[in-house]
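Thanks for making time this morning; I would like to walk you through the empty spaces in one protein model, and then through its cores and a few single residues. Please keep the sequence and the structure open while I talk.

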Amino acid sequence: MKNGILMLALFFSISGIEAQKPIKIEFEGGNLESSGVWSQLFSDEFNGDSLDTSTWYTYYPYGVGNSDMCGFCRTHDTTVSNQIYLDKNLSVSDGNLEISTLNETCEWMGYKSSFSAGLVHSRRVFNSFHRYEIRCRIPEGTIFWPAFWMFGWSTEIDVFEFMSNNTRDIYLNVHKWKDGKTINQSKKIRGIDFAKDFHVYAVEYEQYFVKYFIDGELVHQIPKFVKRNGKYLSKTKLKKGSYYLNPAYPNTGDEIAIIAGNAVSRSRADIPDELAKNTFPAIMYVDYIRVYERIHP
């Protein structure tokens, strides 16, 4: 497996920084790498016979009182995806959370779809530096959009997205919303067929780096400091002086929730020939979701 991950790291492509230029600041200098060991802070191993709804919402809790009483709560962005998230599409069996996507007629608050899907959104939020980890197997197919991410209104960290078409291209993203503008950074990796087996995907979000791991291999990192032209500055030690901040770097202290689910790509599912290539139910199997914090001796 190690050789496979190293090989796919050769296929990185960079989209760069959008919407804002780096801001120059004075930095006292020092070691940018964090110390200490990771200690488990939160986990769901999905070992029971039903989803723990005291731990998870089964929708986006953006209605009044964290309810599902809004169209978006169970449909998400219908301009790019086309599904309704239903509780029945979530089940726990044999130590896995099964997130199912079905080709069926369904409706939510006046919105009709030909697909139902599943989603889990943590009730708990996290607001400091952590390691976020999932072990899962994504569904096979060409119209599905499985993802695992953290979201906090002004900050989003995508541990992975498979944005339909194939199960070999994985997208690693950060998104930030500031002053009505969206700032994005993204990398695409093309490698093995990730739908063939379970894999461990993780992000270590720390003070100076967002680091991406697949099966324990570091495959990408987004730094807090960049060069004047926006290119990544990957040094782990800096002298005292002037440096540029990466405008897409997550906001320190933002409360972020954990989300995992499988959407349906509208652009591909609306093509009959493309839809015919897919088999239902399409199931995303999740072995566990864990969060770790640094412990300093």
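Let me begin with Leu32, Glu33, Ser34, Glu206, Tyr208, Phe209 and Lys211, which line the second largest cavity, a cavity being, on a 1 Å grid over the protein atoms alone, a set of points where a 1.4 Å probe fits but cannot get out, with lining residues having an atom within 4 Å of a point. Before going further I should say that this is a predicted model, in which local features need pLDDT of at least 70 and side-chain atom pairs count only at pLDDT 80 or more, while totals for chains, interfaces and linings use all residues. Residues are numbered from 1 along each chain as its sequence is written, and side-chain values use heavy atoms, with hydrogens and water left out.

The second largest cavity holds about 30 Å³ of space, where a volume is the space filled by probe spheres set on the grid points, which are joined across faces, edges and corners. Its lining divides into three nonpolar, one polar and three charged residues; here Ala, Val, Leu, Ile, Met, Phe, Trp, Tyr, Cys and Pro count as nonpolar, Asp, Glu, Lys and Arg as charged, and the others, Gly among them, as polar. The structure holds two cavities of 30 Å³ or more, and the largest cavity has a volume of about 40 Å³. Around the largest cavity you will find Pro139, Glu140, Gly141, Phe144, Pro146, Phe162, Ser164, Asn166 and Thr167, which by class are four nonpolar, four polar and one charged.

Now to the pockets, a pocket being an open set of points with protein on both sides within 12 Å along at least five of seven lines. How much space lies in the largest pocket? The volume is about 680 Å³, and of the 31 residues that line this pocket, His76, Trp145, Glu156, Glu161 and His175 are the closest to its centre. At least two lining residues each come from β12 (144-151), β13 (155-161), β14 (169-178), β15 (181-190) and β22 (256-264), where strands are DSSP runs of E of at least two residues and helices are runs of H or I of at least four, numbered from the N terminus. By class, the lining of the largest pocket has 16 nonpolar, ten polar and five charged residues.

The second largest pocket has about 200 Å³ of space, and its lining consists of 14 residues, with Pro61, His121, Val125, Trp153 and Ala257 nearest its centre. Two or more lining residues are given by β10 (119-126) and by β22, and the largest share, four residues, comes from β10.

Turning to the cores, we can recall that in soluble globular proteins, nonpolar side chains tend to be buried together. The largest nonpolar core has 44 residues, of which Ile134, Phe160, Tyr201 and Ile258 touch the most other members; such a core is a set of buried Ala, Val, Leu, Ile, Met, Phe, Trp, Tyr and Cys residues joined through side-chain atoms within 4.5 Å, and buried means under 20% relative accessible area, exposed over 50%, and partly exposed in between, with a 1.4 Å probe and protein chains only. Strand β23 (residues 282-295) gives the most to this core, namely four residues. Apart from the largest core lies another, of ten residues, including Ala117, Leu119, Trp145 and Ile259.

Finally, some single residues. Is Arg74, in helix α2 (residues 71-75), buried or exposed? Arg74 is buried, because its relative accessible area is 6%. The side chains of Arg74 and Asp87 are joined by a polar contact of 3.1 Å, that is, a pair of N or O atoms within 3.5 Å, of which, within protein, one must be able to donate a hydrogen and the other to accept it, with residues adjacent in sequence counting only if both atoms are side-chain atoms. Thr75 also lies in helix α2 and counts as buried, at 4% relative accessibility.

Arg168, by contrast, sits in the loop between β13 and β14 and is partly exposed, with a relative accessible area of 39%. A polar atom of the Arg168 side chain lies 2.8 Å from the backbone oxygen of Gly191.
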